[in-house]
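The following exercises ask you to read contacts and strand order from a model, and each is followed by a worked solution. Please try each task before going on to its solution.

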Amino acid sequence: MKKTITVFKGDGIGPEITDCVLEILEAAGAELDYEIFNVGEAEWKRNGALIPDEAYASFERNRVLLKSPITTPIGHGFRSLNVTLRNKYDLYANIRPAKSNAAVKTPFSNVDMVIFRENTEDLYVGVEKMIDEDTVHATKIITRKASTRIIRDAFEYAKNHGRKKVTCVHKANILKMSDGLFLSIFEEIAKEYPEIEHDDKIIDNTCMQMVMNPNQFDIIVTPNLYGDLLSDLASGLIGGLGLLPSSNLGTDYAMFEAVHGSAPDIAGKHIANPTALLWSACMMLEYLGQKDCAAKIRGAVDEVLEDGTCLTPDLHGMATTEEYRDAIIKKIK
Ligand code: NAD
């Protein structure tokens, strides 16, 4: 039986990469039906709602969302819709796998790490207070509940996927109480998994180590802000943001999206790389138990990357988004 999922098209390159991904899913025979909505800044300008009520209702019904990037105003304006969705549906585990592809040449090889980013608290609670006209305080929240569940998920993933090591990334040398709590919970939970190696690193050192020797990292678990920063860094190691997918999982809901933003600098130019969203869709198919379909798509993408003649400009090719899509569909067929 087909599963109905909700799709948010988003802003910038969102609509173009979504259309492309839906066509590939169709060609691969995904057992899916879609409820598709425009959301985000553009929708707000058109209809006065960032996320229309019907779009929320659809996600609440279907509980699985494939979401494109949404533009968030910088330094003013509405709160990030991504943060809103993650909080509203308690999508606490942001899982971001960064894996080198042999066909995409970068100065780094054999990178294969999965970042577990806590997704509901830390500085992203967005609580800022004007103390006086020259002073602002921002609140960082770290709780035992949220830290425990993401750290446990990271160890469980390691156990179930044959991973060897979990690294906790923090700044507990300075933030002794908040990151200190995160680290102490990590150390407690690590004892329950003696078969999995564990260590911890300070965030600044981690940035250097990720560039000097990324192969030492296997699973990383970290509070919200560091996870956000490290995953963009990780994307740079494997060929850029066009290649980094993610899932946002909670107990009741699941949302799948590319790590990248709405890329307004290339929107409408037909050069966006849809792979990150496509691989997020593959994570969604795997989550839904449609593993063969995901494998078919992953295989076709690998072949197109390996072939190297039809790549988007971020991968040093000349192809348009649509030509790249068609090359993948041809391989699938
Ligand atoms: P961005 O990720 O949109 O773009 C960063 C750079 O990477 C740009 O040069 C862009 O052209 C390039 N890039 C990104 N995705 C690409 C793709 N698929 N193919 C080829 N090139 C790609 O980051 P930004 O410019 O800092 O943010 C733009 C907007 O997106 C902001 O409003 C930001 O708040 C928002 N944003 C949204 C999400 C989300 O919806 N999950 C995530 C991050 C940023």
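**Exercise 1.** In this predicted model, find which strands helix α3 lies across, and state its direction relative to β1.

*Solution.* Begin with residues 53–62, which form helix α3, and look for the strands beneath them: the helix lies across β1 (3–8), β2, β3 and β12. Next compare directions, and you will find that helix α3 runs at about 145° to β1. A second helix, α7 (residues 203–212), also packs on the sheet, where it touches β5 (112–118), β8 (165–170), β9 and β10 (219–222). The direction of α7 makes about 110° with that of β9.

**Exercise 2.** Write down the order of the strands in the open sheet, and explain why β2 and β9 each have one side without a neighbour.

*Solution.* Walking across the sheet, which has 10 strands and mixed pairing, gives the order β2-β1-β3-β12-β11-β4-β5-β10-β8-β9. The edges are therefore held by β2 (32–37) and β9 (197–202), and because each has a single partner strand, one side of each is left without a neighbour in the sheet. From one strand to the next, the twist averages 25°.

**Exercise 3.** Determine in which sense, parallel or antiparallel, β3 pairs with β12, and do the corresponding analysis for β6 and β7.

*Solution.* Strand β3 (residues 64–67) pairs with strand β12 (residues 254–258) in the parallel sense, over four bridges. To place the register of this pair, note that Leu-65 stands opposite Met-255 in β12. Turning to β6 (residues 128–132) and β7 (residues 135–138), we find that these strands run antiparallel and are joined by four bridges. Here Glu-128 stands opposite Ala-138 in β7, and the connection from β6 to β7 is a hairpin through two residues.

**Exercise 4.** Describe the surroundings of the ligand, beginning with its shell of residues and then taking up the polar atoms at 2.8 Å from it.

*Solution.* First count the shell: 21 residues surround the ligand, and the closest are Ile-70, Thr-72, Gly-261, Ala-263 and Asn-273. Sorted by class, the shell contains nine nonpolar, eight polar and four charged residues. Then consider the individual atoms, starting with the oxygen atoms of the ligand: one lies 2.8 Å from a polar backbone atom of Ala-263, and a polar side-chain atom of Asp-265 is 2.8 Å from a ligand oxygen atom. For Asn-273, a backbone N or O atom lies 2.8 Å from a nitrogen atom of the ligand. Finally, turn to the surface: the ligand taken alone exposes 810 Å², of which the protein buries 70%.

Technical notes: Residues are numbered from 1 along each chain as its sequence is written. This is a predicted model: local features need pLDDT of at least 70, side-chain atom pairs count only at pLDDT 80 or more; totals for chains, interfaces and linings use all residues. Side-chain values use heavy atoms; hydrogens and water are left out. A residue is near a molecule or strand if one of its heavy atoms lies within 4 Å of it. A polar contact is a pair of N or O atoms within 3.5 Å; within protein, one must be able to donate a hydrogen and the other to accept it, and residues adjacent in sequence count only if both atoms are side-chain atoms. Accessible areas come from the Shrake-Rupley method with a 1.4 Å probe; for residues, only the protein chains shown count as cover. Ala, Val, Leu, Ile, Met, Phe, Trp, Tyr, Cys and Pro count as nonpolar, Asp, Glu, Lys and Arg as charged, and the others, Gly among them, as polar. Two strands pair if DSSP finds at least two bridges between them. Axes are lines fitted to C-alpha atoms, for helices over the stretch in contact, and angles run from 0 to 180 degrees between N-to-C directions. Contact means heavy atoms within 4.5 Å.
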